[in-house]
Structures are given as structure tokens and as C-alpha cells.
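Student: Could you take me through one buried spot in this fold and then work outward from there? I would like the cut-offs as you go.

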Amino acid sequence: MKKLYEKNEMTFAIVWIVIYCVLQSLANPLNEMIGIPYSASAVFCALQTVVLFVFLQKNGLSKRYGLCRSSLPASRFLYYIPLVILATRNFWNGATINYSLAGTVCFILCMLCVGFVEEVIFRGFLFRAMEKDNVKTAIVVSSVTFGLGHLLNLVNGSGAGIAENLIQVTAAIAIGFLFVILFHRGESLLPCIITHSAINITSGFANEAGLTIEKCLVFQLLVFVITVSYSFILTKTLPKR
């Protein structure tokens, strides 16, 4: 893995994205066979998390990929309040228990790891590989690729409908754009990982009763307003890297 990284950082990023997407797709039918939601997904994601973390630590790449605190004070990021608001998005229609105890444990473990893995490979590997040539292109590609990756939910047996999935994709692109700005300007991936994991975990406790397409669109509009406004503020107030 180290040889591939040293040979071509972009290829390394693409390989990891492919591995992640393939394993996610393979996990869904295995979850059904086992009979516990997210059981196989949790195992696959946990293994990827361990491999990535050890790789970054062993090769002294933790700081390069943002596994460190930002050198800027929290006040420069508005104390991350917009991120806290985004993390509550799944509770805007109420909260409920959607899985059994075993399923809930597997879901939380899986979503914790997904937040880490996706941020490292999309905001870390992919963005860092591209930013040396063109930062603006790197920001766009990292955000859009991350969002479009959620289209896999249409074909991998997750049960997501077309309308639901398209809303999820647009939300992922918007939030992905905000996260890459946070990482690029703040030099830390930790706020992105924490917020990403929080959004994922709370989705498992979201109340979908009475949640119409109209409500989803309104919620999505609010998400866009928050992400676009916060991104604009950060680009205007944080120092360029």
C-alpha cells in the first residue's frame, strides 16, 4: 500500500474509493443473510478504519491528512455552531428507535467508521492528490464525487427510493463542499469527521412518520442555506493556504 501511495497519490485515492464502494455494496446482502442490520457493514468499515489509521500513523501522514487540531482558534470557525445545527438535521421531524439493540449497536459502529473512512479518502486522499495542481478543481471534484457516491444506494439493496436518494446526493454534495473548505482552510479533518459521524448516527434515529417529500425539500433548503452561508463566511474570514 505504501508503494502505491508513493508511486501515485491520485491512483491511491481512486483505489481506496473503489474498495470502499465495493465493500459497501457487498455488505448489504450479507447484512440480510446474517439477519442483523449493518452487521457486515460494521465489520467492513471497522477494518477499513483500522487499516487507514495505522497506515497514516505508521507513515507519518496524520498531519497531512488532518488528523490533528487546527492551528486556528475555534472562534475563527464561529465555534462550529453551524456544524452542530447540521448534526441535528435528522431530528427535525422527531426521533425514534428504528432498529433492535443488536442492529442499533452495529449501526452506530458502522456510522462512526463511515465518517472517518469517507472523510479520509474523499477530503483527505482525493483532495490532497488534486490540490497541488488546482485547488478549485480539487474542491469541486472532492465534493461532487462524494455526493455522487451516494447513488450506490439505488442499486446496492439499501432500500432507498429515487426521490430520497436524490435528496441525499444533493445534501452530500453541499455538505461535502463545506467540509472540504473546513479542511483546506483549517488544516484539520477532525471537525469534518465528528460532524459526518454525528449526521450518520442520528439518521438511524430519525422519525420518518409523516415525513413527506415537501418536508424533505424544506429541510434540504435549510441545509443548503446553512452550508452555503457557512462556507462563504469561512472563505472570507479564514487565511488562505
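**A close look at Phe116**

Tutor: Phe116 has a relative accessibility of 11%, so it counts as buried (buried means under 20% relative accessible area, exposed over 50%, and partly exposed in between, with a 1.4 Å probe and protein chains only). Please keep in mind that this is a predicted model, in which local features need pLDDT of at least 70 and side-chain atom pairs count only at pLDDT 80 or more, while totals for chains, interfaces and linings use all residues. Residues are numbered from 1 along each chain as its sequence is written, and side-chain values use heavy atoms, with hydrogens and water left out.

Phe116 sits in helix H5, residues 101-131 (helices are DSSP runs of H or I with at least four residues, numbered from the N terminus). Beyond its neighbours within four places in sequence, Phe116 is in contact with Thr49, Leu52, Phe53, Leu67, Ile193 and Ser197, where contact means heavy atoms within 4.5 Å. By contrast with those partners, here is a plain spacing: Cys68 is 48 residues away from Phe116 in sequence and 13 Å away in space, C-alpha to C-alpha.

Two of these contacts, Ile193 and Ser197, are among the buried residues of H8. That helix is mostly covered, with 10 of its 14 residues buried. H8 reaches 20 Å from its first C-alpha to its last, close to the 20 Å expected at 1.5 Å a residue (the expected span is 1.5 Å times one less than the number of residues). Ile201 also lies in H8 and is buried, with a relative accessible area of 18%. Not counting neighbours within four places in sequence, Ile201 is in contact with Phe107, Ile108, Met111 and Leu112.

Leu52, another contact of Phe116, brings us to the largest nonpolar core. This core has 56 residues, and Leu52 is one of those touching the most other members, along with Leu56, Ile121, Phe125, Leu178, Leu182 and Leu234 (a nonpolar core is a set of buried Ala, Val, Leu, Ile, Met, Phe, Trp, Tyr and Cys residues joined through side-chain atoms within 4.5 Å). Several helices supply at least two residues each, including H2 (9-34), H3 (39-58), H5, H8 (190-203) and H9 (213-237). H5 gives the most, with 15 residues.

From Leu178 we can step over to H9: setting aside residues up to four places away in sequence, Leu178 touches Leu83, Leu86, Thr227, Tyr230, Ser231 and Leu234. Ser231 is in helix H9 and is buried, at a relative accessible area of 2%. Leaving out residues up to four places away in sequence, Ser231 touches Phe177, Leu178 and Ile181.

Finally, a charged group involving H2. Glu9, Arg64 and Lys132 are linked in a network of salt bridges, each salt bridge being a side-chain nitrogen of Lys or Arg within 4 Å of a carboxyl oxygen of Asp or Glu. The Arg64 and Glu9 side chains meet at 2.8 Å, N to O. This pair joins distant parts of the chain, with Arg64 in the loop between H3 and H4 and Glu9 in helix H2, 55 residues apart. The closest N and O atoms of Lys132 and Glu9 are 3.7 Å apart; Lys132 is in the loop between H5 and H6, 123 residues from Glu9. Glu9 counts as buried at 12% relative accessibility, Arg64 as partly exposed at 31%, and Lys132 as exposed at 58%.
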